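The following report describes the strand pairing, the burial of selected strands and the cysteines of one protein chain. Please read it alongside the sequence and the structure shown here.

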Amino acid sequence: MSENILDRVKSDKSRKILVIGAAVVDVIIQLDRLPRTAEDVMAEHKETIVGGCAYNVSNILNQLHVNYSLFAPVGQGSYGDIVKAQLQKDGVPVLLEDLSGDNGWNLSIVEHDGERTFITIPGIETRWAAHWFESLDLASYDYIYVSGYELEGPSGPVILDALSQRKSGGKIVFDPGPRGEFLEPSILERIFSMGTIVHVNKNEIQAIMQEDDAKKAAAKLTERTGEAVVVTLGGDGTLYYSRDEEGIAETEPVKVVDTIGAGDSHTGAFIAGLARGYSLQQACELGNVIAGKVVQQQGGRLQL
């Protein structure tokens, strides 16, 4: 099933997608376990790569040959130079360049079981400005991806104002990520009220909806958005829920090396499926296949 669905998504025609968010530098280290306070431990530097939710999503869209644009700020400085060089290598146009600051970076700590912890040093990607959107035709896109990281703090209203001013066009796909529970209620209400498809993992939707049962949480969120909710369940597959259908897209068991980028890759593949006209179940199955490949490798940048 996995190879067939991959072959299909690479060959079908697709709608146009806009990815709004961050491209940052990930410095990945590995150790047995997170240190305790004041403890001195040794770690292994695995790699330094370009990451960030928007970049990870766009990388999957790029490799699945989907029609998309990446709208991520590229700043001036050592990290901005790394980001710009990677985009040029990928053949991705730089649509947004702002020389008022550098891009941010993450220290990504991977433990022996593959679980990861992030320490983030923010940069230009957290300082969104209204004039950045002036040259962007939002109405020309069929799907628009936004993550919770960009909606936190003063950037949130700026991005939502831009999205609310589009007269037509894209269905929003929102991935709140681990920052979702820290977003202001007014920000969540605004994004949920835009007819938004929400893509989350089990812990994230439980925290946002204050509901222990993932299916009940998805049902409550669908009532607020009027659109589908997708909940990744790790090895248990992916729950999809809408007013018209619900179910579990099963996934094949794999050996986990690390989980960096797995959620973003699932989101990117899911959006690619929607853009190809897939059903909710089929789009979730594609997400499962891609995320399963990501967790079997070191780092979040998948090469198909």
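Which residue of β4 does I20 stand opposite? In this predicted model, the residue facing I20 is F71 in β4. The two strands concerned, β1 (residues 17-20) and β4, run parallel and are joined by four bridges. Strand β4 (residues 68-71) is covered on both faces, with Y68 and L70 buried on one side and S69 and F71 buried on the other.

These strands belong to an open sheet of eight strands with mixed pairing, whose order is β4-β1-β7-β8-β9-β10-β11-β12. Its edges are formed by β4 and β12 (246-249), each of which pairs on one side only. When direction is ignored, neighbouring strands of the sheet are turned by 15° against each other on average. Within the sheet, strand β7 (residues 143-147) pairs with strand β8 (residues 171-175) in the parallel sense over five bridges, and Y145 has V173 in β8 as its bridge partner. Helix α10 (residues 280-294) lies across β10 (229-232), β11 (238-241) and β12, and runs at about 155° to β11.

Strand β2 (residues 24-30) is mostly covered, since six of its seven residues are buried. This strand pairs with β3 (residues 44-51) in the antiparallel sense over seven bridges, and there Q30 stands opposite E44 in β3. Strand β2 is also joined to β5 (residues 105-110), to which it runs parallel, by six bridges, with W105 in β5 as the bridge partner of V25.

The pairings described above are set out here.

| Strand pair | Sense | Bridges | Example pair |
|---|---|---|---|
| β1 and β4 | parallel | four bridges | I20 and F71 |
| β7 and β8 | parallel | five bridges | Y145 and V173 |
| β2 and β3 | antiparallel | seven bridges | Q30 and E44 |
| β2 and β5 | parallel | six bridges | V25 and W105 |

As for the cysteines, the disulfide count comes to zero. Why does C53 form no bond with C284, the cysteine with the closest sulfur? The sulfur of C53 is 18 Å from that of C284, which is too far for a bond, because a disulfide requires the two cysteine sulfur atoms to lie within 2.5 Å. Seen from the other side, C284 is in no disulfide, and the nearest cysteine sulfur, that of C53, is 18 Å away. C53 has a relative accessible area of 15% and is therefore buried, the cut-off being under 20%. C284 likewise counts as buried, because its relative accessibility is 0%.

Note on methods: Residues are numbered from 1 along each chain as its sequence is written. This is a predicted model: local features need pLDDT of at least 70, side-chain atom pairs count only at pLDDT 80 or more; totals for chains, interfaces and linings use all residues. Side-chain values use heavy atoms; hydrogens and water are left out. Buried means under 20% relative accessible area, exposed over 50%, partly exposed in between (1.4 Å probe, protein chains only). Two strands pair if DSSP finds at least two bridges between them. Axes are lines fitted to C-alpha atoms, for helices over the stretch in contact, and angles run from 0 to 180 degrees between N-to-C directions. Contact means heavy atoms within 4.5 Å.
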